[in-house]
Amino acid sequence: MRFVDRVTADGADGWPVEAGRYRLVINRACPWANRTVIVRRLMGLDEVISLAVTDPIQELIAGEVHWVFTAETGSPGGLDPVLGVHALRDSYLKRDPDYDGGVSVPGLVDVPSGHLVSNDYDQLTLDFGSEWKRFHREGAPDLYPERQRDEIDSVNEFVYRDVANGVYRSGFAPSQASYDRAVRILFDGLDRLEDRLTRQRYLLGDHVTEADVRLFPTLARFDAVYHGHFKCNVRKLIEYPALWAYARDLFQTPGFGDTTHFDHIRRHYYGVHTAINPTRVVAVGPDPAAWLTPHFREQLGGSPFGDGTPPEPPPAIDRVPVVVPL
Ligand SMILES: N[C@@H](CCC(=O)N[C@@H](CS)C(=O)NCC(=O)O)C(=O)O
């Protein structure tokens, strides 16, 4: 279920923007969570909204798998050092003691009350870009420019339906027919994106927008987990000249590669979906060093942040491991 309260400048839902008040709970493997971390970085909200990272492997609690805090991801003793809870589920239960629905990342939690405020990743990124303006760093880009909103919305709708969600529909297809349908729609979608990105540097033209933030995490996971584990194997990302160069261009842009954690991605997908990978053996490749090779996308013109500037490197506490060749 969705919790859709919004943290806003005017506090209309009862949750006003305030530095240090909210904690963003994520998992590094989850593409929807990755999007919120990218926008938080690009806006310079790292010191304003703190980050809680859950373990790549969920834990069985009361018969369901749950996102939990462990020493490995910065929670000694298994309790998040700020929220004092072991599972994200506890923040849902603080909000609604009778809640018995699903628990998902990302989740924005109000630190003083421990209540979950929102698990609506769609609105969270838009609000980080608009409602939190008072706290934005100097040079923060506008990821959702007024004049491009209709086009961004329509690209996002297509990317979500056919590509970002398409890989899950393929991976968890319960029958041959539903797999065949999902995988065809997915690769038709990738072909459309390849065509669009052959002509322009970013999805909306010359600068990074919300649309790129939403597509990138799916591309970053494509060859590592979707190609094999989810059977999305008509082609690999590296077989699409424009899409692959575009993905590398973004990876090498501050905010994107520095929020991508290949080890968590692989361990989560291969280790958790036991229905499709019963042995839980984690595939090793592909070599992530390829993400650092030149992309030559500057030749198409444009600049990632327009009149803005790139963010500083993440605070030490939020860093992901640097890419190490296989
Ligand atoms: N699909 C959700 C995004 C959140 C989501 O699906 N997150 C996944 C992880 S990638 C999750 O937490 N699933 C629950 C689980 O794995 O227990 C949305 O559209 O808002």
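Is E151 buried, partly exposed or exposed? Select E151 and you will find a partly exposed residue, with a relative accessible area of 39% (buried is under 20%, exposed over 50%, partly exposed in between, with a 1.4 Å probe and protein chains only).

Before moving on, a word on the model. It is predicted, so local features need pLDDT of at least 70 and side-chain atom pairs count only at pLDDT 80 or more, while totals for chains, interfaces and linings use all residues. Residues are numbered from 1 along each chain as its sequence is written, and side-chain values use heavy atoms, leaving out hydrogens and water.

**Stop 1: two helices**

Keep E151 and add R196: they form a salt bridge, with the closest N and O atoms 2.7 Å apart (a side-chain nitrogen of Lys or Arg within 4 Å of a carboxyl oxygen of Asp or Glu). R196 sits in helix α6 (residues 176-199) and E151 in helix α4 (residues 149-164), 45 residues apart (helices are DSSP runs of H or I with at least four residues, strands E runs of at least two, numbered from the N terminus). R196 is partly exposed too, at 21% relative accessibility.

**Stop 2: the start of the chain**

Now select R6 and D127, whose side chains meet in a salt bridge (2.9 Å, N to O). D127 lies in helix α3 and R6 in the segment before β1, 121 residues apart. Here D127 is buried at 5%, whereas R6 is partly exposed at 29%. Add E131 to see a network, in which salt bridges that share partners join R6, D127 and E131.

R2 is next: its side chain meets that of D120 in a salt bridge (3.3 Å, N to O). D120 is buried, with a relative accessible area of 10%, and R2 is partly exposed at 47%.

**Stop 3: between the domains**

Colour domain 1 (22-135) and domain 2 (146-305) separately; these bounds come from an automatic or database assignment. The contact (heavy atoms within 4.5 Å) takes 22 residues from domain 1 and 28 residues from domain 2. About 2200 Å² is buried between them, 59% of it from carbon and sulfur atoms (accessible area, 1.4 Å probe, that two parts lose on being put together, summed over both). Select R28, R35 and I38, which supply 25% of the area that domain 1 buries against domain 2, more than any other three residues.

Across this interface the rule finds three salt bridges. For a last selection, show E72 and R267, whose side chains meet in a salt bridge at 3.0 Å, N to O.
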